[in-house]
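Please give an account of this structure for someone who is meeting it for the first time. The report should move from a single position outwards to the arrangement as a whole.

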Amino acid sequence: MEILSLLGMLAAGWFWIDSFRARDAGIRAARAACAADDLQLLDDTVALGSLRPARDDEGRLRLRRIYHFEYSDTGDNRRNGHVTLLGSELLMLHLPRAPASGLPPASTSGEPADRSWPRLPS
């Protein structure tokens with residue numbers, strides 16, 4: 001019985017540490033995406049929205065996590081985005097754009113407002 005308790009505590013400790021690593025990877029990805037497009041990551045954090053087992057490209061069982069976050073493009077609004085991770089590896093980052101207003105995009109730095117997204121580090 002003691003061995004089972006010890007194994008349970010070790011598994012819970014591993015899960016806790018793995019969750020912190022994955023959350024940190026989600027925050028880094030959200031920050032990088034917001035910084036690349038001159039957006040403001042609100043609350044400077046992500047929140048776990050979904051957790052489920054999934055298989056990676058090599059067939060290994062890993063945890064698939066979806067983290068939600070909020071960002072602002074004007075400073076006066078909140079928009080929702082999400083980051084999908086498999087383990088602590090970035091699978092997808094969804095950062096929806098605001099609906100078109102009919103006005104040309106503005107840029108305060110003299111650069112074109114439409115810039116391509118940089119590739120995020122794995």
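## A helix packed on a sheet

T84 has its place in strand β3, and in this predicted model it serves as the starting point of the description. At 4% relative accessibility, T84 counts as buried, because the limit for that class is under 20%. Leaving aside the neighbours of T84 within four places in sequence, T84 is in contact with R64, R65, I66, E89, L90, L91 and M92.

How are the strands ordered in the sheet? Four strands make up an open sheet, in the order β1-β2-β3-β4, and the pairing is antiparallel. The edges are taken by β1 (40-55) and β4 (89-94), each of which has a single partner strand, so one side of each is left without a neighbour in the sheet. Neighbouring strands of this sheet are turned against each other by 20° on average, with direction ignored.

The strands β1 and β2 run antiparallel and are joined by eleven bridges. Within this pairing, L41 has Y71 of β2 as its bridge partner, and P53 stands opposite L63 in β2. The hairpin of β1 and β2 has five residues between the strands, and there G59 takes a positive phi near 85°.

On the next step through the sheet, strand β2 (residues 61-72) and strand β3 (residues 79-86) pair in the antiparallel sense over eight bridges. Here Y71 stands opposite R79 in β3, while Y67 stands opposite V83 in β3. The hairpin of β2 and β3 has six residues between the strands, and in it G75 takes a positive phi near 90°. As a general point, side chains in a regular strand alternate between the two faces of the sheet.

Helix α1 (residues 2-36) packs on the sheet, where it touches β1, β2, β3 and β4, and its direction makes about 40° with that of β2. The helix α1 has 35 residues and reaches 51 Å from its first C-alpha to its last, which is close to the 51 Å expected at 1.5 Å a residue. Just after α1, D38 takes a positive phi of about 55°.

Which residues of α1 are buried? They are D18, S19, A22, A25, G26, I27, A29, A30, A33 and C34, and the buried residues of α1 pack against β1, β2, β3 and β4.

One of these residues, A22, can be followed in more detail. A22 has its place in helix α1 and is buried, with a relative accessible area of 0%. Not counting residues up to four places away in sequence, A22 touches R65, Y67, L85, G87 and S88. A22 and L86 are 64 residues apart in sequence, yet 8.5 Å apart in space, C-alpha to C-alpha.

The aromatic side chains give a further view of the model, since a search of the whole structure finds two aromatic pairs. The table sets out their geometry.

| Aromatic pair | Arrangement | Centre to centre | Angle between planes |
|---|---|---|---|
| W16 and F20 | edge-to-face | 5.1 Å | 80° |
| F69 and Y71 | tilted | 6.4 Å | 45° |

Both W16 and F20 lie in helix α1, where they are four residues apart, about one turn of the helix. W16 counts as exposed, because its relative accessibility is 56% and the class begins over 50%. F20, at 45% relative accessibility, counts as partly exposed.

Are the members of the other pair, F69 and Y71, buried or exposed? F69 counts as buried at 3% relative accessibility, and Y71 is buried as well, with a relative accessible area of 2%. Y71 also brings together several parts of the description, since it is the bridge partner of L41, stands opposite R79 in β3 and forms the tilted aromatic pair with F69.

How values were computed
Residues are numbered from 1 along each chain as its sequence is written. This is a predicted model: local features need pLDDT of at least 70, side-chain atom pairs count only at pLDDT 80 or more; totals for chains, interfaces and linings use all residues. Side-chain values use heavy atoms; hydrogens and water are left out. Two strands pair if DSSP finds at least two bridges between them. Helices (H or I, at least four residues) and strands (E, at least two) are DSSP runs, numbered from the N terminus. Axes are lines fitted to C-alpha atoms, for helices over the stretch in contact, and angles run from 0 to 180 degrees between N-to-C directions. Contact means heavy atoms within 4.5 Å. Rings of Phe, Tyr and Trp (its six-membered ring) pair if their centres lie within 6.5 Å; planes under 30 degrees apart count as stacked, over 60 as edge-to-face and the rest as tilted. Buried means under 20% relative accessible area, exposed over 50%, partly exposed in between (1.4 Å probe, protein chains only). The expected span of a helix is 1.5 Å times one less than its number of residues.
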